[in-house]
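Biologist: Please take me through this model, starting with its nucleic acid and then turning to its protein chains.

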4 protein chains.
Amino acid sequence: MGEKSQQKKKYIIEKAREVFIEKGYRSVTMKDIIDACDISRGGLYLYFPSTQEIFLEVLKREQEMGDDVFTSQVQEDATPTDILSLFIAAQKAELMKSKENLTMATYEYYFAHKPEKKDNFLKDQFSAAVGALTQLIEMGVEEGEMYCEDPVTAAEEIMYTIEGLKIGLLTVELTEEEIDKQLDYLLQGLGLVQEN
Amino acid sequence: MGEKSQQKKKYIIEKAREVFIEKGYRSVTMKDIIDACDISRGGLYLYFPSTQEIFLEVLKREQEMGDDVFTSQVQEDATPTDILSLFIAAQKAELMKSKENLTMATYEYYFAHKPEKKDNFLKDQFSAAVGALTQLIEMGVEEGEMYCEDPVTAAEEIMYTIEGLKIGLLTVELTEEEIDKQLDYLLQGLGLVQEN
Amino acid sequence: MGEKSQQKKKYIIEKAREVFIEKGYRSVTMKDIIDACDISRGGLYLYFPSTQEIFLEVLKREQEMGDDVFTSQVQEDATPTDILSLFIAAQKAELMKSKENLTMATYEYYFAHKPEKKDNFLKDQFSAAVGALTQLIEMGVEEGEMYCEDPVTAAEEIMYTIEGLKIGLLTVELTEEEIDKQLDYLLQGLGLVQEN
Amino acid sequence: MGEKSQQKKKYIIEKAREVFIEKGYRSVTMKDIIDACDISRGGLYLYFPSTQEIFLEVLKREQEMGDDVFTSQVQEDATPTDILSLFIAAQKAELMKSKENLTMATYEYYFAHKPEKKDNFLKDQFSAAVGALTQLIEMGVEEGEMYCEDPVTAAEEIMYTIEGLKIGLLTVELTEEEIDKQLDYLLQGLGLVQEN
DNA sequence: CATGAATGAGAGTTCATTCAT
DNA sequence: GATGAATGAACTCTCATTCAT
């Protein structure tokens, strides 16, 4: 597959991503993606054999994109508290554009395909975030900036809350204030006081 | 619609519920429900015009059932702490049978039909739980059993975490220990120490 | 499946039979049969899931029909020679309407599905004919009407020749005279002289 | 069309031949041949516009190849009986490798395209064989080696039987013994006794 | 009320065929 | 010449929905 082919594949993935954001995972048809790409019926099949395959590619690219977004912003001389704030801010930013993300599609995907647990993108992402958060909290505690007896569980709790907020945004209408309030509360739980 | 009609409708709803638990909301077809009910094709249409209508009825009945489950267990002389423990235990019970609940179907439903916000079952349920929890925490604080500066947000945070755990159970494999740990942590956040 | 359903099934089989006669087996599509039956797209699927299933039913019915056609014509006091003549005449009749028979479709079917050898209609039919012929020749020899040292092989040879003639009719243009000549020759091989 | 072009055409025909042997005629697609040749989609169209055209070329080459195979083996001083034995042996060899020949494809082809009778390969081949056989039998009779009142019909009958055996091999499972028995029987019909 | 046959829209998939490179 | 991307027609199959019985 040549250079141009790769281009087209990328183009399809980008368009398909929008479809998955819009409609979730299960109810997306090949036709939906064909229409979104303004491509011919057979054309799509040259690149992908099924919506599942496309979705996996979308997820993969998503993962690659997302990886460095957060870390790239961290300054040299940042304190744990600074970094945590950045992290929370990044999460908030992510939440706020919930109308443009793949949360529900991803949930649906893993609900539908639970058997195939190898390379579970959701779990990997969650674990990575928990790991990073735990380190951060441990450092914060060490340096006396935070208070926490069980950093791992605290980190997990933060992530579960964020996960709960994601769902809330997708199914119920949540305001930005409500989200801010919850995120602040999470920081307070670590002995930090937010002042924005 | 006669007595027998009501019976049949109830029967369909019960069978349909199982289908929605199994497959979520969007990918359920009329045929799935027809097969589950062992009913004739035309028969189902006598009672319901679409899967959406059926799902709404399922949700309604779910709501009616769920309402008194918790309150019925509360003793006369229970302390706020006792009641909170009961509440958490009830939530855990609910979580543990996540393979038998409508969580994903409900998420999918509200994701698909966000426009029609009237009678949002999810929101109502969430708000009710938050309301009850808030009262409980306030009482607990008053009676010196708990510590909390912002009972409403604390209550919300508990519920968001539980929501996050629900998703985790459906998409990633969570163990009972992980759930216990998180629920205990929530209680600790209110100054309570769990000892089971 | 009720009475009427059976009727329709039979109707479809009859129409499909014509299609198979016309086009053989492998190149017949569900659409061809749908068109021939003047039925709706989904309609056919209510009765049959694939062309293979339909073809097997066609063959089955063919078998049932064919069974008694020959035997029914045999008189009480017929000599082996008479019966053999009848048999040959019946085979000729069958050959002559080769434009209306399933020979090529059947060949194609068994060529395509050789693995599934159970209930091989072709073999059964062939064997049955050979068996009957063998008996006939044995009786003819006993009664001094025919001459043959190896009735089984002679019977088989007759049938192979007929099979060869079938193919000839389907692929090359054979005249009635050519067929007559061959069939007569077969009888002469048994010491009989045809005089039509 | 240059030298190299001719080479490629020959290559395609050889590969296509294998496909036709494997799948018959009608169900072979351009794609099957493209895959078998490991050639580009457009590439094939530079040489052939359809499977029909390819098949005709395959047949033509087949004809050219087959012509001299038999005659080349005939010795100077062979008797008609010797030659006939050779002929039958050649036919048997042909039959035994029925899994590698174009019989069914050819049948299907002529069944599908009966209208276009010009250059009917099957008929030509059949006629040629009958002609040669007839001469052989006539010579055999003349020299007192064989007995036959109607050499032409006898020759035809031999060929029809062989045709019938071909079909048997393709659709029913025939053993080598069965074939031997039939071929011997044909020779016996000419007053010859086989002793292998 | 209840049935299930029937319809047709629409999704999935494969290929013959064309054409820019 | 050769490639393979692209298109669209045609086929398979499933289902929502209707309707005569």
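**Contacts in the model**

Modeller: This is a predicted model. In it, 34 residues surround DNA strand F, and the closest are A:Gly42, B:Thr29, C:Thr29, C:Gly42 and D:Gly42.

Biologist: Which class, nonpolar, polar or charged, has 16 residues in the surface near DNA strand F?

Modeller: That surface has ten nonpolar and eight charged residues. The 16 residues are polar.

Biologist: Which helices of chain B each supply at least two residues of the surface near DNA strand F?

Modeller: Chains A and D each contribute through helix 1 (3-23) and helix 3 (41-47). Chain C does so through helix 2 (30-37) and helix 3 (41-47). For chain B, the helices are helix 2 (30-37) and helix 3 (41-47).

Biologist: Which helix of chain D gives the most to the side that touches chain C?

Modeller: In this interface, 30 residues of chain D are in contact with 30 residues of chain C. Helix 6 (103-112), helix 7 (121-142), helix 8 (151-171) and helix 9 (176-188) of chain D each supply at least two residues of that side. With twelve residues, the one that gives the most is helix 8.

Biologist: How are chains C and D related, as by what kind of axis?

Modeller: A turn of 179° with a shift of 0.0 Å along the axis lays chain D on chain C with an RMSD of 0.2 Å. The two copies are therefore related as by a two-fold rotation axis.

Biologist: What percentage of the contact residues of chain D recur in chain C?

Modeller: The same surface serves both copies. The share that recurs is 100%.

Methods. Residues numbered from 1 in each chain as written. Chains lettered and ligands numbered in written order. Predicted model: local features only at pLDDT ≥ 70, side-chain atom pairs only at ≥ 80, totals over all residues. Least-squares fit on C-alpha atoms with pLDDT ≥ 70 in both. Contact = placed C-beta atoms within 7 Å. Near = placed C-beta within 6 Å. Helix = DSSP H or I, 4+ residues; strand = E, 2+ residues; numbered from the N terminus. Nonpolar A, V, L, I, M, F, W, Y, C, P; charged D, E, K, R; others polar.
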